[in-house]
2 protein chains.
Amino acid sequence: MNPKAYLDNNKQTRLDELFEFLRFPSISARSEHKEDINACAEWLSTHLNKIGVKSRLMPTGGHPVVYGEILNPAAGITVLYYGHYDVQPVEPLNLWKSTPFNPIVENGYIIARGATDDKGQLWTHVKAMEAYMATGTAIPVNIKILFEGEEESGSENLEKFVKDNKDLLKADIIVVSDSAQFGQDRPAVTFGLRGIAFVEAKLIGPDRDVHSGSFGGSIANPVNMLCRIIASFHNKDGRVAIKGFYDKVRKLSKFEKKQFARLPHKDKEYLKKVGSPTLYGEKGFTTLERIWSRPTLDINGITGGYQGEGGKTIIPSWASCKITMRLVPDQDPQDICKKLAKHIRKNCPKSVKCEVTIHGGAPAVVVPTDGPWLKAAGEAIKAGFGIEPLFTKEGGSIPVVGTFKSVLGADTLLLGWGQNDDNAHSPNERFAIKDFERGCYSALALIEELAKVRA
Amino acid sequence: MNPKAYLDNNKQTRLDELFEFLRFPSISARSEHKEDINACAEWLSTHLNKIGVKSRLMPTGGHPVVYGEILNPAAGITVLYYGHYDVQPVEPLNLWKSTPFNPIVENGYIIARGATDDKGQLWTHVKAMEAYMATGTAIPVNIKILFEGEEESGSENLEKFVKDNKDLLKADIIVVSDSAQFGQDRPAVTFGLRGIAFVEAKLIGPDRDVHSGSFGGSIANPVNMLCRIIASFHNKDGRVAIKGFYDKVRKLSKFEKKQFARLPHKDKEYLKKVGSPTLYGEKGFTTLERIWSRPTLDINGITGGYQGEGGKTIIPSWASCKITMRLVPDQDPQDICKKLAKHIRKNCPKSVKCEVTIHGGAPAVVVPTDGPWLKAAGEAIKAGFGIEPLFTKEGGSIPVVGTFKSVLGADTLLLGWGQNDDNAHSPNERFAIKDFERGCYSALALIEELAKVRA
């Protein structure tokens, strides 16, 4: 029996096993679930060993990493699979149609917390490996596995873990299935993510809230002054007006422009999904170009003075805001943070005190579009889905991908088998069995395709 | 015995009576003190009747008004005294050196809740009336009294009460002692208050908070847009940049400029008191001119997006702010609110929805500086304090003064016997016995001086 036949013959078994996996309430953000997290990691590692992946738990500052490997001295390349066995909290429980950790199947969907994010998706790769091992077929690549237990609580210990185990994790390419297809029957390879840079600013005026009648007119109001600074962040064309912000921005490539243009994107539908009155953004770019390949600056939160019902006649003592910028290649997060900080300080009047906190960030990542990896991923998807894949980017950031690039020097293939409306992070999280299945076959094909890269 | 001699002879008695008055915990904002408020009003009305003021309680939608009158058909004018018998809450109790409703005397100060705000101050006028009645001296003016019980909880029922009892309250001049001197041994007559206008604005973008990675760059961020609008409220000279805002602003009079210039104000000391890095305001005006005679616009509060610890990468669904403007003669609150609303709507981009709520306000008030009332008040202070009075204005608003002007058509004399550091609204509220006494003698002289106005 070949690996593909093995997949054909074990459909119910791998679903049953996935259900077992989904029954662990491995909520990483809640300390009361520490035991559940550990039990889930133990179970996963045991399962890997059972199917022939040499696995062990590795401690971190938080929840353990499930590490695994199948080494094949004859193989030309090493593939590192990243995923996470922890899940989001489940509240509000009353909106669930089932019990979050008691998976059910309804209309072809598995409904459970973790179904798509990320237990169901990482399971496709585990089952592909099993198909090789169970049929005695030599795996044509070296396989390494890093399944973490803290993704949903910020992956706080992951960067250190990767750095501390740089040699162990060394790989030629990383594979991550923790995202979505572009749409129904629209499998995609994500070849780039924007980076992020995070800065907080606080302006301080009087040493307490003071009466706006008694003092209004004689001192600067920190809220008004902060708004003035924030207003200076953009020019009227929607471009970021911070000196040097665009200095290192890489222009859109022909490949990008072409791929984006062929995507079944409609501004009208997109706008409906987001609910804003109109679209708005940098002049001269399409929506997809704006969200995937152009840098941005957004205030994520602003606060200052009285915010309750009715009025309170004060000049607030202070006002603050949280600013994140989405970065594109080759912007450097630290450099961009510093440029923003300089802009804020320069535009802050002497009549208020200014405190800027630089939190740093992560750079944008791209998989080279002219290299062999994207092609391999595309072929694997074609094999698994029977559909020509799309090539997309993503506006958000997955910091670990940046870490893999900077520490291990390897690119990451982002192959999402889920859908955007699978309710990751929401009640009734789901994963279509059809997508799960096609993911398994794609994962199997991916091993073969990657093996060809340096064959 | 003449009234002045009566005051000389009854120092301890009037202090003992004031202490009795101060023992009522008449906290208007707390429903559990409703009985205390009523008991206090009853006691006050009984006391007025005892000294010869015909008094009764009059119901309102909330706590009762203590009304009183001494009518003298021979008198040329009618004076309405306004004050309040309710007090602020007393928390935090641990910061009091005494029990708030058990008055003590320390270093020449009466320490108790209500000592200066306003029981102690209104008491000076009551005792001046008593001095006439007890000595059988004909009072040369008609006296009316309106002591309310809801000043510290917003005077919610007062405007309606004044309107409903317009004829009963009809007067030529109003006297209020519920403020402070300009400083130690710096008695003052306040001849003007700024008005106020209150508007709220809310901008709405996406129909929920959305991921700033996935959507950033393609839609307008309501916080950024609100800041842009707020930044447009002022020009770089610190002037309000709303069309027509200054159209009706009355220029500073020679009297104002002269009075302000002679006040013992020092920018450096003022700045120290407020704690801002520097002063800031409209170009071309002094600090006192800015806070007393020029209109302003301040954001009292702004809110939008994530405000907790750390970051949250969202484009907030909405952002809102509370805006108050301080008005000067002859700005109309409704007109100014409308002009601001128009400015906001005009400057709001189509990419966000805009909601403006006009709350209205109260106009500025001034006592004509060329009329007889200010002169009479000045003479009374000179008699009571032995000090030449200052003529000041106040940046805040006292809405009831506007009501008296608009409903009764009468100006108000604001004669504060207290000090700014008497801890009104704070623990250890106090009132110097020396100021209380000089207030009593000034109140007595005021009756004579006002009688001369139309003599």
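Me: What rotation superposes chain A on chain B?
Reply: This is a predicted model. In it, a rotation of 180° with 0.3 Å of shift along its axis puts chain A onto chain B. The RMSD is 0.4 Å.

Me: And how are the two copies related, then?
Reply: As by a two-fold rotation axis.

Me: Which residue of chain A comes closest to the rotation axis?
Reply: A:Cys227 does. Its C-alpha lies at 2.1 Å from the axis.

Me: How many residues does each chain put into the contact?
Reply: Chain A gives 66 residues and chain B gives 66 residues.

Me: Which elements of chain A supply at least two residues each?
Reply: There are helices and strands on that list. The helices are H7 (212-215), H8 (222-231) and H11 (287-293) of chain A. The strands are S10 (210-211), S11 (296-305), S12 (314-315), S13 (318-327) and S14 (353-362) of chain A.

Me: Which one gives the most?
Reply: S11(A), with nine residues.

Me: How do the residues on that side of chain A divide by type?
Reply: 23 are nonpolar, 31 polar and 12 charged.

Me: Why say the copies meet through the same surface?
Reply: Because 100% of the interface residues of chain A are also interface residues in chain B.

Me: Back to S11(A). In which sense does it pair with S11 of chain B, parallel or antiparallel?
Reply: Antiparallel, over five bridges. Strand S11 of chain B covers residues 296-305.

Me: What stands opposite A:Gly301?
Reply: B:Gly305, in S11(B).

Me: New topic. How is chain A divided into domains?
Reply: Domain 1 of chain A takes 3-193 + 364-453. Domain 2 of chain A takes 195-249 + 295-362. Their C-alpha centres lie 39 Å apart.

Me: How many residues does the contact between them take from each?
Reply: Six from domain 1 of chain A and eight from domain 2 of chain A. The domain 1 side divides into three nonpolar, three polar and no charged residues.

Me: How many helices and strands are in chain A?
Reply: 15 helices and 18 strands.

Me: Why call chain A as compact as a globular protein of that length?
Reply: Its radius of gyration is 24 Å, close to the 23 Å that the globule rule gives for 455 residues, so chain A matches a globular protein of that length in compactness.

Me: What does the C-alpha trace span along its principal axes?
Reply: About 85 × 50 × 45 Å for chain A.

Me: What share of chain A is buried?
Reply: Buried residues make up 53% of the 455.

Me: And what share of contacts in chain A join residues at least 24 apart?
Reply: 79%, among contacts between residues at least 6 apart in sequence.

Key: Residues are numbered from 1 along each chain as its sequence is written. Chains are lettered from A and ligands numbered from 1 in the order in which they are written. This is a predicted model: local features need pLDDT of at least 70, side-chain atom pairs count only at pLDDT 80 or more; totals for chains, interfaces and linings use all residues. Domain bounds come from an automatic or database domain assignment. Two residues are in contact if their C-beta atoms, placed from the backbone, lie within 7 Å. Ala, Val, Leu, Ile, Met, Phe, Trp, Tyr, Cys and Pro count as nonpolar, Asp, Glu, Lys and Arg as charged, and the others, Gly among them, as polar. Helices (H or I, at least four residues) and strands (E, at least two) are DSSP runs, numbered from the N terminus. Two strands pair if DSSP finds at least two bridges between them. The radius of gyration is taken over C-alpha atoms; the globule rule is 2.2 Å times the number of residues to the power 0.38. A residue is buried if 20 or more other C-beta atoms lie within 10 Å of its own, exposed if 12 or fewer, and partly exposed in between; C-beta atoms are placed from the backbone. Copies are superposed by least squares on the C-alpha atoms of residues with pLDDT of at least 70 in both.
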